[in-house]
Structures are given as structure tokens and as C-alpha cells.
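Me: I am new to this structure and would like to understand how its descriptive words are earned. Could you take my questions in turn and set each value against its cut-off?

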Amino acid sequence: MATEPAVVATTRPRDVGLKREMGLIGACWASVTSIIGSGWLFGSWKASYSTGTSALLAWGIAGAMIIVLALVHAELGGMYPVAGGTARFPHFAFGSVAGTGFGYMSYLQAVTVTPIECFAVMQYLAYYWHGLFDTTNGEVTGLGFGISIILMAIFTAVNFLAMRLFNRVNLVLTWWKVIIPVAAIIILFTQFHAASFNSHGGFMPYGTKAMFAAIPGAGVVFAYLGFEQADQLAGEVRNPQKVLPRAIIIAILLCTVIYLLLQVVFLGALRPGDLTHGWAALKTNPSFELGPLAFLAGAVGLGWFAVILRIDAFISPSGTGLVYQTSTSRISYGLARNRYVPGPFGWVDKNGVPWFSLIMAFVLGLVFLLPFPSWSTLVGFITSASVLMYAGAPLALGAFRRKLPEASRPYRLPGATALSPLAFIIASLIIDWSGFEIVWKLG
């Protein structure tokens, strides 16, 4: 995509009405709480029945791919620390034509994540409240839809707090969300069975095609998404040029290690009886569907930890849904600053909250509760929407490096000449892996 020199933003844009009240930990935790959502609860299980032991390789490949994308966003966030960054970088680089397309794709990705997290909460709560989720068809019930709407309303209400108060709520939630997966890794490692790693076909029982298909299809890539949330909230971060790159890099590296270790202990904690009929038996076992990690903990006599995991099944996706409700409103605020959406989306109240954008995030989020009634169906759709959004960042980075070589870059991506096009290829590959059925709906 070509760009004219006059199109590239040469001055730092400023946001109006937002208050810079978030530090390094807050920015880092905004990304971490977005990454560790419903994906960690279901990802290891879905990857295991999709591709067996080679799920480890799938997580490693996906992690490396997302790290490349995250490093691109780290440089861009340091250069342009504005609200709704992913929706605005292409605008600064190429102008309104590219900016409109990538901007709306960024919003589409953000506005649909909160409904996904609500569905994940319903699926786990169904262990105690059976009327929320139908395990026969894998969809939430009418009651589940109703509770999901209430959850979204709560997320919206909390977001009306001033950023310094919202930040405190999010810090508490994220510390919990980090501690519980780490505890799961440590505790389940005590039940390790190495024999599971070579069961039913060895390391790669279904071949490389199934392993690569699991990256988008089993929710592996989806589990890693969210690292860009620090960029989305950049308009409210103190000293953003230094804080944003550090926050993004720390968040993605921490979560990559957590996800890889979770897959290791999940495979190791499987009992011989769980794999009597092969890896596919994990998918058809209803006990796994209502909480795979909690079921494993209970099966090995750790009932107390299973209870904690089921509590986390409400807290972890809720924290992610809460932050995505925040970022959705900041993206539409940014689109309003770009003049791509009506002016009211840029209205800010006395607490620095873009209140109209927040209300519309709730309203439009309700729309996405309707056509995709299950978590797994939404995952493929959002994965494609996300990587289309991410594809704009490496293009923008290439334009800035070419047209603004001397611009201030608090974080400068090493080897950007190679990594920037690689990041674009990565985004394109994930779209391709998602399959035509997903891509045409996205179009």
C-alpha cells in the first residue's frame, strides 16, 4: 500500500477530555487481563482434543506469532500514545481510506469480545446452574442470554468510574487472574503423568494440518489476543512513550509462558481412562465441556481447588469483558477524533469517560449476542476480525520508518525491515487458517 509524504502524521495528536491516571502496572495489567480471559479456561482442553500432544507446538507457534505482532504495536504505541491506538495508526500513516477500513475492523473486534466472555461465564456457571447452558447443542439458553445482558450492563456501569478508580478495580481482578493460572500450573504438576504425551499416535497424531488448524480453530490464537489494550487506553496513561512499549512486551511474554505451562500440566494431569478412546474422547466428555481444568482437579481429589477454578470461571472472563468494554469506548472515541463516526462518540464527562461511546458499546454488544449463540462459534469470527485489525499495524510501521526515519521512537523494533512484513504475513495466515466459512461472514 503506497503512501504520500503529506499523509503521514508528523505531529503527535492530542486527545481532549481524557485524564492520564494510569501507570506502568495499570497499563500492563490492562493487557494481561485481556489476554487471560476465557481462553485459559478452555484453550488447553480444545487444543488437546484437536491435535493431541502437538498442542504444545501449536501454543509455541501461536505465541511466537503474536509476540511479533505485539512488538510492532509496542513501537507504534510509543510513537502515538492516543486513545484507540489500533484504530488510528493506519489513519496517521495512510489517511482516511485505509484508516476507515482498519478503524472499523478494530471496533468490530473490540465490541464483540465482551459477549464472548459473557458466554464463557454461562458455560462454567452451568455446572451449578444447569439452565444457563445446553451441553447437547453447545449453546446458551434463553436464561443464559438474559444473565449475559445483565453482566454486560454491570461492566458498563463500572466503566463510568473515573479511570483512577476503574484502574484499582482492574488491578484487583488481574492479580487474581494471574495468581490462579500460576497456582493451577503448580498444583496440577503434582499429578503429572508423562505417559499421556505419547498416547494414541505419538506427538502429532493427526498430522501437521490438524496442528496448524488448531491455532485458530481451537482458540489458541484467540487466547493470546488482547495485548494491544495498553495501546487502546494510551490516552489515559502517564508517561506513555516509555510506559506503553514496556507494558505490551511484559504482558505478552508473561502470558505466553503461562499458556505454554498450562498446556503441559493439562496433558500431564490426564488419567489413562480419559484417553481410552483417543484424544477425540476429550471433546465428547460432557464433564470436560463444563470446565476442563476444574474437572481434572476434582478427578484427582483436589475438590477444593476445583471450587476455586469455578469461582475464577466467573471472575476471569468478567475481568476481560470489563476491560474490553473500556477499550471499545476508547476506540470509538478515537474514531470520532479521526472524524469517522459522529461527534457524540467523542463526548467526555467530568471523570474523563467517553460516556456516549460507552453506552453504544453496550447497545452494539447486545447485537452480537444474537447471531452467534456459543463461545466456540464466536471465537473463529473474532479471531479473523482481530487479525484483520492487526494487519494494519505492520503496514503503518513500514510507512513511518520510510517517511519519518528520524521521529522519536521510545521503543525501536530491532530488524523492523524483516519483522514488519513478517507481522503482516502472520496476520494474513491466521485469516487463511480460519477458513472460508468464517471469512465470508466477516466480509
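Reply: A definition comes first: a residue is called buried under 20% relative accessible area, exposed over 50%, and partly exposed in between. Please keep in mind that this is a predicted model.

Me: What makes tryptophan 355 count as partly exposed?

Reply: The relative accessibility of tryptophan 355 is 30%, and partly exposed is the class between under 20% and over 50%, so tryptophan 355 counts as partly exposed. Phenylalanine 356, with a relative accessible area of 23%, is partly exposed by the same cut-offs.

Me: Why is the pair of tryptophan 355 and phenylalanine 356 called edge-to-face?

Reply: Two values describe such a pair, namely the distance of the ring centres and the angle of the planes. Rings pair if their centres lie within 6.5 Å, and planes over 60 degrees apart count as edge-to-face. The centres of tryptophan 355 and phenylalanine 356 are 6.0 Å apart and their planes stand at 85°, so the pair is edge-to-face. Ring pairs also link these two residues with Phe345 and Trp347 into a cluster.

Me: How many aromatic pairs does a search of the whole structure find, and what makes tyrosine 224 and tyrosine 259 one of them?

Reply: The search finds 15 aromatic pairs. Tyrosine 224 and tyrosine 259 have their ring centres 5.3 Å apart, with 80° between the planes; since the limits are within 6.5 Å for a pair and over 60 degrees for edge-to-face, the two form an edge-to-face pair. The pair links distant parts of the chain, with tyrosine 224 in helix α9 and tyrosine 259 in helix α11, 35 residues apart. Both tyrosine 224 and tyrosine 259 are buried.

Me: How do you know that cysteine 28 has no disulfide bond?

Reply: A disulfide needs two cysteine sulfur atoms within 2.5 Å. The closest cysteine sulfur to that of cysteine 28 belongs to cysteine 255 and is 8.0 Å away, which is too far for a bond. The structure as a whole holds zero disulfides. Cysteine 28 is also buried, because its relative accessible area of 4% is under 20%.

Me: Why is the contact between arginine 401 and glutamate 75 called a salt bridge?

Reply: The term asks for a side-chain nitrogen of Lys or Arg within 4 Å of a carboxyl oxygen of Asp or Glu. The closest N and O atoms of arginine 401 and glutamate 75 are 2.9 Å apart, so the pair meets that limit. Arginine 401 lies in helix α17 and glutamate 75 in helix α3, 326 residues apart.

Me: Which other residue forms a salt bridge with glutamate 75?

Reply: Glutamate 75 forms a salt bridge with arginine 409, where the closest N and O atoms are 3.0 Å apart. Glutamate 75 lies in helix α3 and arginine 409 in the loop between α17 and α18, so this pair ties together parts that are 334 residues apart in sequence. Both glutamate 75 and arginine 409 are buried, and the relative accessible area of glutamate 75 is 0%.

Me: What makes glutamate 236 and arginine 330 a salt bridge, and are they buried or exposed?

Reply: Their closest N and O atoms are 2.7 Å apart, which is within 4 Å, so the pair counts as a salt bridge. Glutamate 236 lies in the loop between α10 and α11 and arginine 330 in helix α15, so the pair ties together parts that are 94 residues apart in sequence. Glutamate 236 has a relative accessible area of 1% and arginine 330 a relative accessibility of 2%; as each value is under 20%, both residues are buried. Among the salt bridges, those that share partners join Glu75, Arg401 and Arg409 into one network.

Me: What makes arginine 339 count as exposed, and what is notable about its phi?

Reply: The relative accessibility of arginine 339 is 77%, which is over 50%, so arginine 339 counts as exposed. Its phi is positive, about 65°, although arginine 339 is not a glycine. Most residues other than glycine have a negative phi. Arginine 339 lies in the loop between α15 and α16.

How values were computed:
Residues are numbered from 1 along each chain as its sequence is written. This is a predicted model: local features need pLDDT of at least 70, side-chain atom pairs count only at pLDDT 80 or more; totals for chains, interfaces and linings use all residues. Side-chain values use heavy atoms; hydrogens and water are left out. Helices (H or I, at least four residues) and strands (E, at least two) are DSSP runs, numbered from the N terminus. Buried means under 20% relative accessible area, exposed over 50%, partly exposed in between (1.4 Å probe, protein chains only). Rings of Phe, Tyr and Trp (its six-membered ring) pair if their centres lie within 6.5 Å; planes under 30 degrees apart count as stacked, over 60 as edge-to-face and the rest as tilted.
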